[in-house]
Amino acid sequence: MYVRALPTTDVNRNTEWFTYPGVWTTYILILFFSWLLVLSVFHCSPGIAWTIVHLAHFTVTYHSFHWKKGTPFGDDQGVYNRLTWWEQIDNGKQLTRNRKFLTVVPVVLYLIASHTTDYQHPMLFLNTLAVFVMVVAKFPHMHKVRIFGINGDQ
Amino acid sequence: MITIPYLTAVSTYFSYGLLFAFGQLRDFFRRFIDWWLTTNLHGYAPICLGHEDFYIRRLYHRIQDCFERPISSAPDAWFDVVERYSNDNNKTFKRTTKTSRCLNLGSYNYLGFGSFDEYCTPRVIESLKKFSASTCSSRVDAGTTFVHAELEECVTRFVGKPAAVVFGMGYATNSAIIPVLIGKGGLIISDSLNHSSIVNGARGSGATIRVFQHNTPSHLERVLREQIADGQPRTHRPWKKIIVVVEGIYSMEGEICHLPEVVAICKKYKAYVYLDEAHSIGAIGKTGKGICELLGVDTADVDVMMGTFTKSFGSCGGYIAGSKELVQYLKHQCPAHLYATSIPTPSAQQIISAIKVILGEDGSNRGAQKLARIRENSNFFRAELQKMGFEVLGDNDSPVMPIMLYNPAKIPAFSRECLRQKVAVVVVGFPATPLLLARARICISASHSREDLIRALKVISKVGDLSGIKYFPAEPKKIEQTKNDIKLD
């Protein structure tokens with residue numbers, strides 16, 4: 001089964017790959033297979049496995065989307081050095097389809113994790129904290145905002 | 001238009017994710033180990049900001065033996081590749097004295113001027129003896145010989161413009177000319193896949209840059225209308241100047257620009273056209289005069305025509321051709337003309353001789369033969385590759401053909417296996433190409449004979465089967481079967 005790869009106008013090579021077909025599917029498949037992996041390694045209940053996946057997803061995506069700034073190569077002469085990956089994507093335009101998808105995924109994970117753990121503490125508290133931080137970080141109003149100077153420039 | 005199998009796209013993303021994750025893991029442990037080691041560089045700022053060297057250290061270094069291979073002969077159809085070995089996992093290489101004779105599918109040797117030529121080389125040697133290897137000066141001081149003047153006149157005759165100026169380096173031509181042509185308050189609209197020399201020149205000029213979808217004139221019109229209506233950012237005053245930058249043949253795609261539509265749109269909205277013919281001059285068109293001849297565009301409609309001499313003419317340097325006023329302005333303002341050393345005289349002589357051969361002024365028809373041969377070779381090679389089931393980009397008649405690889409593991413697999421079978425190819429990956437679309441780029445030359453091409457096809461087919469890059473079904477060989485039937489009857 002073939003898909004067409006239309007060329008984009010995004011010059012930022014760090015975020016341009018997200019506009020090609022197959023990214024959303026890969027993302028969801030990675031989450032599903034990591035749930036299976038956690039289940040097989042830790043022999044825990046499905047709910048605990050989803051909680052672990054949700055919290056690991058929170059750590060990894062917070063670090064790569066909202067903490068690390070700049071690009072992993074030097075060809076663009078550092079024009080994006082002050083922007084996190086989330087601020088670079090789609091050229092800074094807010095509320096595009098990609099951004100909406102990336103905001104929905106942690107919320108869906110949260111719902112699955114809290115449902116499969118029957119809304120028990122302490123998993124519920126940790127999950128809620130994680131999804132709260134994730135969703136607030138992705139608000140359009142938070143574009144280029146550094147609260148209390150955390151992760152600001154020197 | 002690139003057609004990817006969906007499973008390949010998903011597996012490519014997953015592979016890059018895995019490579020990225022392993023790179024991060026190694027960096028994490030490296031930070032621990034470095035914390036314990038003492039260093040006497042306290043108080044110094046780090047050389048690399050953030051993680052901008054991450055890609056080079058963790059992804060590029062793993063397959064570094066596929067790039068920068070040294071060669072030890074002229075870049076003809078067959079050349080000698082120096083063998084190297086590495087003791088520390090591809091971080092550093094040691095050259096051996098052994099070389100292997102490989103078929104050259106990577107050099108931009110479109111017309112075969114990259115090696116000994118019976119007309120050009122004696123004249124170049126004569127000019128080397130008379131003028132020596134360098135002019136040791138910039139053009140305005142003492143670096144203009146009558147060969148330079150003859151070269152500029154030759155270029156104007158070849159390209160079809162009133163005047164031309166020649167520089168010593170093709171990359172520097174773009175990056176030094178664009179800042180002179182346009183400044184703050186101007187608008188540059190460039191194709192999204194333009195070469196990095198154009199991107200550098202545009203960034204250095206201070207003008208606002210907008211990008212339009214690759215080779216899509218309708219999107220160019222939309223961007224132009226939007227920008228003209230909007231005006232300059234914040235003040236909304238009208239733009240001082242608008243330049244649209246396109247290339248003749250895009251070096252990573254092999255596609256030919258839709259020049260007639262672009263020129264029509266620019267005429268309608270009164271924007272200037274800057275055409276970079278680095279790969280197309282001398283290689284396409286009936287008499288080799290480039291994309292304007294191929295597509296029937298009047299050269300007077302293109303305002304600035306830029307090109308390089310590295311590809312079809314077997315030399316170095318670049319030129320800008322335009323109206324007499326434009327060239328006079330450039331000669332007075334451009335720093336590459338005023339301060340950079342002029343093109344070495346033997347190289348200039350090589351270009352003059354090559355142009356004479358192409359135009360047939362040396363008294364033979366070798367130029368026309370070369371042009372016919374490269375067109376034949378390119379079309380034959382591309383058709384055969386497509387029949388085998390490879391995904392090949394580029395239009396017909398274009399001598400550049402990228403074969404899509406996609407997966408990051410297939411990049412070194414293809415390159416190394418081809419080298420083992422004595423075929424040298426160039427592979428390109430991220431960030432020169434988009435993440436998904438890694439490719440092996442093949443450049444056909446007029447000096448490749450039919451046997452060379454058939455041999456290359458056999459090797460590429462075998463390596464393609466081993467690496468699994470035949471993404472399309474191969475066409476069955478129907479014609480030969482019917483011929484056999486007729487013979488039996």
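Let me start in chain B, with strand β12, where Ala424(B) is the bridge partner of Asn104(B). That pair belongs to a parallel pairing, in which β3(B) and strand β12 (residues 423-424) of chain B are joined over two bridges. Please keep in mind throughout that this is a predicted model, and that local features are taken up here where pLDDT is at least 70.

The strand β3(B) has a second neighbour to show you, since strand β2 (residues 78-85) of chain B is joined to strand β3 (residues 94-104) of chain B by seven bridges, and these two run antiparallel. If you would like one pair to look at on the screen, take Arg84(B), whose bridge partner in β3(B) is Arg95(B).

Staying with chain B, I turn to what the record says about it. UniProt, in an unreviewed entry, places the feature "domain: Aminotransferase class I/classII large" at residues 102-460 of chain B. In the model, that span is 42% helix and 15% strand, and its end C-alpha atoms lie 13 Å apart. The same kind of record, again an unreviewed entry, lists residues 6-25 of chain B as "transmembrane region"; the model has this span as 100% helix and 0% strand, with end C-alpha atoms 29 Å apart.

A cis peptide bond is also found in chain B, joining Phe430(B) and Pro431(B), with omega at about -5°. Pro431(B) sits in the loop between β13 (426-428) and β14 (439-443) of chain B.

Now to charges. Over all chains, the structure holds 23 salt bridges. One of them is formed by the side chains of Arg57(B) and Asp27(B), at 2.8 Å from N to O. What does this pair tie together? Arg57(B) lies in helix α2 (residues 54-60) of chain B and Asp27(B) in helix α1 (residues 6-36) of chain B, so the salt bridge links parts that are 30 residues apart in sequence.

Let me move to chain A. Its secondary structure comes to six helices and one strand, and from the N terminus on the elements run β-α-α-α-α-α-α. The C-alpha trace of chain A spans about 50 × 50 × 25 Å along its principal axes.

For chain A, UniProt lists residues 20-42, 101-117 and 123-140 under "transmembrane region", once more from an unreviewed entry. Of these, residues 101-117 of chain A are 94% helix and 0% strand in the model, with end C-alpha atoms 24 Å apart, while residues 123-140 of chain A are 83% helix and 0% strand, with end C-alpha atoms 29 Å apart.

Two backbone details in chain A deserve a mention. His121(A) and Pro122(A) are joined by a cis peptide bond with omega at about -5°, and Pro122(A) is found in the loop between α5 (97-116) and α6 (123-137) of chain A. Asp90(A), for its part, has phi near 55°, a positive value in a residue other than glycine, and Asp90(A) lies in the loop between α4 (85-88) and α5 of chain A.

That leaves the interface. The size of an interface is often given as the accessible area lost when the parts come together. Here, chain A and chain B bury about 3000 Å² between them, and 64% of that is on carbon and sulfur atoms. On the side of chain A, Tyr2(A), Arg13(A) and Pro72(A) lose the most area to chain B, together 21% of what that side buries. Counted by residues, the contact takes 32 from chain A and 35 from chain B.

How many residue pairs are in polar contact across this interface? The rule finds twelve between chain A and chain B, with both residues at pLDDT 80 or more, whereas the count of salt bridges between chain A and chain B is zero.

Which elements supply the side of chain A that touches chain B? β1 (2-5), α1 (13-16) and α2 (23-42) of chain A each give at least two residues, and α2(A) gives the most, with five residues. By class, that side of chain A has 15 nonpolar, ten polar and seven charged residues.

I will finish on a strand pairing between the chains: β1(A) is joined by four bridges to strand β1 (residues 2-5) of chain B, and the two run antiparallel. Within that pairing, Val3(A) stands opposite Ile4(B) in β1(B).

Conventions
Residues are numbered from 1 along each chain as its sequence is written. Chains are lettered from A and ligands numbered from 1 in the order in which they are written. Side-chain values use heavy atoms; hydrogens and water are left out. Contact means heavy atoms within 4.5 Å. Buried area is the accessible area (1.4 Å probe) that two parts lose on being put together, summed over both. A salt bridge is a side-chain nitrogen of Lys or Arg within 4 Å of a carboxyl oxygen of Asp or Glu. A polar contact is a pair of N or O atoms within 3.5 Å; within protein, one must be able to donate a hydrogen and the other to accept it, and residues adjacent in sequence count only if both atoms are side-chain atoms. Ala, Val, Leu, Ile, Met, Phe, Trp, Tyr, Cys and Pro count as nonpolar, Asp, Glu, Lys and Arg as charged, and the others, Gly among them, as polar. Two strands pair if DSSP finds at least two bridges between them. UniProt positions are given in the numbering used here, feature names are shortened, and annotations may be inferred rather than shown by experiment.
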